[in-house]
Amino acid sequence: LGRDLGLSTVPRSFVCVDISHNQGRDTVGSLVWFEAGRPRKSEYRKFKIQGVGQQDDYAAIQEVLTRYLTRRRDEQLSVPDLIVIDGGKGQLSAAVATLEQLDLRDLPVISLAKREEEVFLPSRSESLRLPRRSPSLRLLQRARDEAHRFGLAYNRKRRSQRTITSELLTIPGIGPAKRRRLLERFGSLAGVRSASVAELASGP
């Protein structure tokens, strides 16, 4: 992978960043860490996107990288040898701008566009097309798919929580405290729905 990307340092560790949302809602960022070609799940991170990033993929990428790298720096933890962004030229440009703002210009960053599996590098105007059977491409695809899976799971969890909250709050007399007690007792919105009148009336 290092040779194919023309890197001066072997990317023994790298992270892949993905943004997931549901038609502009419940936007989340996911970051997975690969070391020696294998996932290191203890280093996975998920981000609830705030501010303009909720509606803008580029801003979301910048938020994830800023929060992640600033925290690594503050906690004096090592940074990965390479950052991989799920996306094309626009997403890569957003990442490059963030690294410049953080004074991390020397940290290698690339993006992988899903449609044609093109690799974009800041130093090249044209995309890099690795052979379909290339071990380098397969490693990048594996990381990208893992970041997508991890982010999608978090997105679904947030969407489910929002649905439960909104549905229970439409019931007259149900406030935040009672909603919490109902969910604690019956486990889920489905549990509340299937409870008998007597069970509900007995008080959570």
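Buried means under 20% relative accessible area, exposed means over 50%, and partly exposed is what falls in between (1.4 Å probe, protein chains only). Keep that handy for the views below.

This is a predicted model, where local features need pLDDT of at least 70, side-chain atom pairs count only at pLDDT 80 or more, and totals for chains, interfaces and linings use all residues. Residues are numbered from 1 along each chain as its sequence is written, and side-chain values use heavy atoms, with hydrogens and water left out.

**View 1. The whole protein has seven helices and seven strands.** Helices (H or I, at least four residues) and strands (E, at least two) are DSSP runs, numbered from the N terminus. Starting at that end, the elements go α-β-β-β-β-α-β-α-β-β-α-α-α-α. Of the 204 residues, 43% are buried. A contact here means heavy atoms within 4.5 Å. Take the contacts between residues at least 6 apart in sequence: 57% of them join residues at least 24 apart.

**View 2. Glu-43 sits in the loop between β3 (38-39) and β4 (45-48).** Is Glu-43 buried or exposed? Its relative accessible area is 13%, so Glu-43 counts as buried. A polar contact is a pair of N or O atoms within 3.5 Å; within protein, one must be able to donate a hydrogen and the other to accept it, and residues adjacent in sequence count only if both atoms are side-chain atoms. The side chains of Glu-43 and Arg-72 make one of these, at 3.1 Å. Setting aside neighbours within four places in sequence, Glu-43 is in contact with Leu-31, Trp-33 and Arg-72.

**View 3. Ser-30 is part of strand β2 (residues 25-35).** With a relative accessible area of 0%, Ser-30 is buried. Look for a polar atom of the Ser-30 side chain: the backbone oxygen of Ala-147 lies 2.7 Å from it. Not counting residues up to four places away in sequence, Ser-30 touches several others, including Cys-16, Asp-18, Arg-45 and Phe-150.

**View 4. Helix α2 (residues 57-74) packs with helix α3 (residues 89-101).** Two packed helices are described by the angle between their axes and the distance between the axes. Axes are lines fitted to C-alpha atoms, for helices over the stretch in contact, and angles run from 0 to 180 degrees between N-to-C directions. For α2 and α3, the angle is about 35° and the axes are 9 Å apart. Their crossing is right-handed, meaning that the near helix is turned clockwise from the far one by less than a right angle (anticlockwise would be left-handed). Among the residues that meet are Ile-61, Leu-65 and Leu-69 in α2 and Ala-94, Thr-98 and Leu-99 in α3. By class, the contact has eight nonpolar, five polar and one charged residues. Here Ala, Val, Leu, Ile, Met, Phe, Trp, Tyr, Cys and Pro count as nonpolar, Asp, Glu, Lys and Arg as charged, and the others, Gly among them, as polar.

**View 5. Val-64 is another residue of helix α2.** Its relative accessible area is 0%, so Val-64 is buried. Leaving out neighbours within four places in sequence, Val-64 is in contact with Val-17, Ile-19, Gly-29, Phe-47 and Ile-49.

**View 6. Strand β6 (residues 109-113) is largely enclosed by the rest of the structure.** Why? Five of its five residues are buried. Val-109, Ser-111 and Ala-113 are on one side, with Ile-110 and Leu-112 on the other. Four bridges join β6 to strand β5 (residues 82-86), and the two run parallel; two strands pair if DSSP finds at least two bridges between them. One bridge links Ile-83 with Val-109. As for β5, four of its five residues are buried. Within β6, Ile-110 has a relative accessible area of 2%. The C-alpha atoms of Ile-110 and Cys-16 are separated by 9.6 Å, though these residues are 94 apart along the chain.

**View 7. Asp-103 and Glu-117 each have a positive phi.** Most residues other than glycine have a negative phi. Asp-103, in the loop between α3 and β6, has a phi near 60°. At 57% relative accessibility, Asp-103 is exposed. Glu-117, in the loop between β6 and β7 (118-120), has a phi near 55°. At 10% relative accessibility, Glu-117 is buried.
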